[in-house]
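Biologist: I have a structure open and would like to learn how to read its features. Could you take me through a few?

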Amino acid sequence: MRAIENAAAVAPAGAAQEIPEKLYFRIGEVARLAGIKPYVLRFWETEFPSLGPKKTGTGHRLYRRKDVELVLEIKRLLYDKRFTIEGARKFLETRTKTEPARAPKLAKRAKAQGNLFSNASPLLEKVRKELLEIAEMLK
């Protein structure tokens, strides 16, 4: 019980959490941001398939910004909304299925921008094409 109270003191449940502008976060940083212990994050990785940090060659976990946002959302569902783990997992699964796909918007925007730069050099066109492919992979 004391650990939960201490966690709440570190990061108040209702407060909006500011995530630093970084590419990767270590497990300790994510735990501090969310106000939970690292072992809770490791447990959540087993319970929530969408939470999957990258691992370095030495086995250290590196969380991306979207992982940190997901951790904060999971914490909100479990601690504030009082969801069970199964309920939170199902809620997150249905939420991701109903969210509109971003790729068509990106492709439409890129096509419109392509008209703006119709006389671009072949190198710029190649870079633009590669960036579109990367955006497609990230969706």
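Modeller: We will go from the overall fold to the sheet, and then to a few single residues. Keep in mind that this is a predicted model.

Biologist: Where do I begin: how many helices and strands does the protein chain have?

Modeller: Start with a count and an order. Here there are 7 helices and 3 strands, and from the N terminus the elements run α-β-α-α-β-β-α-α-α-α. Of the 139 residues in the protein chain, 24% are buried. The chain exposes about 10300 Å², with 58% of that supplied by carbon and sulfur atoms.

Biologist: How do the strands go together, and in what order?

Modeller: For a sheet, read the order across it and the direction of pairing. This one is an open sheet of 3 strands in the order β1-β3-β2, with antiparallel pairing. β1 (25-26) and β2 (54-55) are at the edges with a single partner strand each, so one side of each has no neighbour in the sheet. Between β2 and β3 (residues 61-63) there are 2 bridges, and Lys55 lies opposite Arg61 in β3.

Biologist: Now a single residue. Is Glu73 buried or exposed?

Modeller: Look at the relative accessible area, where under 20% means buried. Glu73 has 16%, so it counts as buried. This residue belongs to helix α4 (residues 65-80).

Biologist: What does Glu73 touch beyond its neighbours within four places in sequence?

Modeller: With those neighbours left aside, Glu73 is in contact with Phe91, Leu92 and Arg95. There is also a polar contact, at 2.7 Å, between the side chains of Glu73 and Arg76.

Biologist: And Leu131: buried or exposed?

Modeller: The cut-off for exposed is over 50%. Leu131 is exposed because its relative accessibility is 54%. You will find Leu131 in helix α7 (residues 122-138).

Biologist: Which residues make the nonpolar surface patch?

Modeller: Leu131 makes the patch together with Leu123, Val127, Ile134, Met137 and Leu138, and the patch covers about 660 Å².

Biologist: What about a residue between the two cut-offs, such as Gly28?

Modeller: Gly28, in helix α2 (residues 27-34), has a relative accessible area of 24%, which means that it is partly exposed. You can also compare sequence separation with distance in space: Gly28 and Leu41 are 13 residues apart along the chain, and their C-alpha atoms are separated by 9.6 Å.

Biologist: How much of the contact pattern links residues 24 or more positions apart?

Modeller: Among contacts with a separation of 6 or more in the protein chain, such residues account for 51%.

Technical notes:
Residues numbered from 1 in each chain as written. Predicted model: local features only at pLDDT ≥ 70, side-chain atom pairs only at ≥ 80, totals over all residues. Heavy atoms only, no water. Patch = residues over 30% accessible without salt bridge, like charges linked within 9 Å, V, L, I, M, F, W, Y side chains within 5 Å. Areas by Shrake-Rupley, 256 points an atom, 1.4 Å probe, with all protein chains shown as cover. Salt bridge = Lys/Arg side-chain N within 4 Å of Asp/Glu carboxyl O. Helix = DSSP H or I, 4+ residues; strand = E, 2+ residues; numbered from the N terminus. Buried < 20%, exposed > 50% of the residue type's maximum accessible area, 1.4 Å probe, protein only. Polar contact = N/O pair within 3.5 Å; in protein donor to acceptor, adjacent residues only side chain to side chain. Contact = heavy atoms within 4.5 Å. Pairing = 2+ DSSP bridges.
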